[in-house]
2 protein chains.
Amino acid sequence: MPGNVAHLTSPHVNAYIAVVNTSEGGLGVGGLGTEPIPGRARATIEDVAAAAGVSVATVSRALRGLPGVAAPTRERVASVAEQMSYRADPAASRLAMGRSRSIAVAVPLLNGWYFSQIVAGAEAICALTGYDMIVVGLYGDAARRSFIDAGDSIHRRVDGVIFVEIPLTENDVSDLMARGLRTVTIGQATHRFPSVGIDDTYVGDLATSHLLSLGHTRIGLIGDQPANPDGRVVPALRQTGYAQALGRAGIALDPKLQVSGSFTMVGGLAAMETLLELADPPTAVFAMSDEMAFGALVAMKQRGLSAPKDVSILGVDDHDLSELVGLTTVRQIASDHGSRAARLLISQLEGNASTVARYDGVVELISRESTAGT
Amino acid sequence: MPGNVAHLTSPHVNAYIAVVNTSEGGLGVGGLGTEPIPGRARATIEDVAAAAGVSVATVSRALRGLPGVAAPTRERVASVAEQMSYRADPAASRLAMGRSRSIAVAVPLLNGWYFSQIVAGAEAICALTGYDMIVVGLYGDAARRSFIDAGDSIHRRVDGVIFVEIPLTENDVSDLMARGLRTVTIGQATHRFPSVGIDDTYVGDLATSHLLSLGHTRIGLIGDQPANPDGRVVPALRQTGYAQALGRAGIALDPKLQVSGSFTMVGGLAAMETLLELADPPTAVFAMSDEMAFGALVAMKQRGLSAPKDVSILGVDDHDLSELVGLTTVRQIASDHGSRAARLLISQLEGNASTVARYDGVVELISRESTAGT
DNA sequence: GTGAAAGCGCTAACAG
DNA sequence: CTGTTAGCGCTTTCAC
């Protein structure tokens, strides 16, 4: 049976090795970072100024490439700074300039494939531009509110934020603007901040149409809570596309065919079980993410069913593993969304006029073995 | 054929919508964040002090819960601060205190499953303790050096770092110490900093032994560059375990059976191809990560082979999808490693004596369908 | 082209 | 218990 196991547990389980407590004076395994770390005195801008025989103002200007410094001076300062391996203390310059040269990426969960792609994409741009990227997980409404409210975090810690699939209410948006925080969203479009994403209605339509064209008429949907009032907008749009395609084909919506999979593999598994237990189960299922589709495949496998023989399955993302399991999917380039958003945000922070209201990424249907005709 | 596709390209591809340039005065789509954002004047500690009729010192003390403040005073300050929604400017307090209340997590790549689990685990602890987590991708030696050298980043931006599978030389270690940067490693153990990981030699042995016990004698290994001089230590250890088990069974090592998969799915795929093209291919393969194992499965599938019929495959991680594809694997709880490391680091930053030199996580063999007897 | 000095907003002695 | 004050290290007018 799948997942049944021989639990050859490691003999090394939970091995806390070498408990050291140096509060009573530094004995213990190799001084595990408890001794007062020396931290050789760092050079300050004054040290550099003195060594270069100029004022701190000149050092500051020279090192940051500001105009109004004679070429020879600039060079001298640079080399002195270099050899003292001087670097401006970020905290000090943040305080003086009021900008932190860092951004936050807020995601609803961190271990999803889609989100890690986004984070990877954004990180690449941050590395390129010298920005720090802090990532924060916002699980649920409360976390989102406390993050946005003056009540919490971001405030002055970052210059801007990328909200990834975080449902922003009108209220949130105005709070954000009032706070003067540059914002870019991924997924949802706010009409106030630039955003990047895909045409999710089109995605839902494309997926469903594909299934329809194969002859299916009873098509299940694995998505998000349909009842979620203030929920993510992406699932809703994909659902709209689904309904739209069905409508065009003259097929009535069946609420029982639409279940939530919480955008996780286990959620998809449970959702598929629900679908399979229906008196009149679907012959094809559109899962709004590949991970949920994987879950659906597992559910089928557990009952001795397989795709597309018993039910066709179609996902969204083109996860790294979709090819392995032969999953038909609507591909999007998630890491691109992340880097795009970061570029948009940072370019804005650098004072460039924002140029894009919405960037819609590429989308295409990749037909593999998990879908077939009836 | 797998991966062959119907490219129904979206008609919405690359749609740059609404190009706005307000450098010539605010017309354009709904003011896309180009206008001088107001950013209502933030309250400073002085404002609060004035409003509460106390000194800034008292405000500071009261708000941070320091001793030596009368209860009524503390309360009054708190409520005034609350209703002015005052929050200490992090840049200022960082400068004054010399601590940033943030840590960095450095990973060699961001889109691997293992690493996103780690990041997720660490983030949870940071959220809990009020630390910011900045994540940085260190691809290759140069990036690592420039990160560690005074020459670059971290310096004063974070109080501590978690290095995830970043090979640290003795030199790196002393630089880090000299710099006074609290450090925790995941994977490699340095004997200077606390570390978390698993017993990787044991992992290699466990996996190989399992294959041996099934009767296999020709066992391939998909890992990392064996020749990498300064490479990650984890692959080397797992390889040691592999050699160890083989040795116990009296089987000689065959270099041709050991190939690099770069710890990615495509790398695993290529590695498996190499293995399959051998004159005398293995009957079982131990891949050092599930993702590489997935790649191996794809390679087999592409040639009309399947596991375990033609070759048994075994991975490491227990990836979310391993159950789906029925992959036998050595499970580790990656997110745990991340949270553990974060806890270790932060507790140290909070001044607690470090208590653990090395935390070894749980490991167990999960036997599924991808392995069978000869 | 360069320097002097006034902050940025907070923390931490040191007095009272 | 509370207030005064001197920094933290950098940026940025404003003079020279």
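This is a tour of a predicted model with protein chains A and B and DNA strands C and D, stop by stop.

Before you start clicking: residues are numbered from 1 along each chain as its sequence is written, while chains are lettered from A and ligands numbered from 1 in the order in which they are written. Because the model is predicted, local features need pLDDT of at least 70 and side-chain atom pairs count only at pLDDT 80 or more, whereas totals for chains, interfaces and linings use all residues; side-chain values use heavy atoms, with hydrogens and water left out.

**Stop 1: chain A as a whole**

Select chain A and switch to cartoon. You should find 13 helices and 14 strands; helices (H or I, at least four residues) and strands (E, at least two) are DSSP runs, numbered from the N terminus. Of its 374 residues, 53% count as buried, where buried means under 20% relative accessible area, exposed over 50%, and partly exposed in between (1.4 Å probe, protein chains only). The accessible surface of chain A is about 14900 Å², and 55% of that belongs to carbon and sulfur atoms. Those areas come from the Shrake-Rupley method with a 1.4 Å probe, and for residues only the protein chains shown count as cover. Take the contacts (heavy atoms within 4.5 Å) in chain A between residues at least 6 apart in sequence: 72% of them join residues at least 24 apart.

**Stop 2: DNA strand C**

Now select strand C and show what surrounds it. There are 26 residues around it, and A:Ala70, A:Thr73, B:Ile45, B:Ser60 and B:Tyr86 come nearest; a residue is near a molecule or strand if one of its heavy atoms lies within 4 Å of it. Of the strand C atoms within 4 Å of the protein, 68% belong to sugar or phosphate and the rest to bases.

Some atom pairs to put distance labels on:

- The side chain of B:Tyr86 has an N or O atom 2.5 Å from a phosphate oxygen of strand C.
- A polar backbone atom of A:Ala70 is 2.8 Å from a phosphate oxygen of strand C.
- A backbone N or O atom of A:Ser55 is 2.8 Å from a phosphate oxygen of strand C.

Colour by element next: helix H2 (56-63) and helix H4 (90-97) of chain A, together with helix H2 (56-63) and helix H4 (90-97) of chain B, give two or more residues to the surface near strand C. H4(B) gives the most, with four residues.

**Stop 3: DNA strand D**

Move over to strand D, which 26 residues surround; the closest are A:Ile45, A:Ser60, A:Tyr86, B:Ala70 and B:Thr73. Here 66% of the strand's atoms within 4 Å of the protein belong to sugar or phosphate. Pick B:Ser55, where a backbone N or O atom lies 2.8 Å from a phosphate oxygen of strand D. At B:Thr58 a polar side-chain atom lies 2.9 Å from a phosphate oxygen of strand D. For a base instead, go to B:Ala96: one of its polar backbone atoms is 3.4 Å from a base oxygen of strand D. Which helix supplies the largest share of the surface near strand D? H4(A), with four residues.

**Stop 4: two helices of chain B**

Select 140-148 of chain B, which is H6, and show B:Arg144, B:Phe147 and B:Ile148, which are buried. They cover an arc of only 90° around the axis, which puts them on the same side of H6(B); the arc is that of the directions from the helix axis to the C-beta atoms. These buried residues pack against strand E4 (132-137), strand E5 (160-164) and helix H7 (170-178) of chain B.

Then jump to B:Asp200 in helix H8 (residues 200-213). Is it buried or exposed? B:Asp200 is buried, with a relative accessible area of 3%. Its side chain makes a 2.8 Å polar contact with that of B:Arg238. A polar contact is a pair of N or O atoms within 3.5 Å; within protein, one must be able to donate a hydrogen and the other to accept it, and residues adjacent in sequence count only if both atoms are side-chain atoms. Beyond neighbours within four places in sequence, B:Asp200 touches B:Val234, B:Leu237 and B:Arg238.

**Stop 5: H11(A) and A:Leu321**

Finish with residues 290-302 of chain A, helix H11. Of its 13 residues, 11 are buried, so the helix is largely enclosed by the rest of the structure. Among them are A:Met292, A:Phe294 and A:Leu297. Just after the helix, A:Gly304 takes a positive phi of about 75°.

Last pick: A:Leu321, in the loop between strand E11 (312-317) and helix H12 (322-325) of chain A. A:Leu321 is buried, at a relative accessible area of 1%. Leaving aside neighbours within four places in sequence, its contacts are A:Phe294, B:Met265, B:Phe294 and B:Leu321.

Methods:
The expected span of a helix is 1.5 Å times one less than its number of residues.
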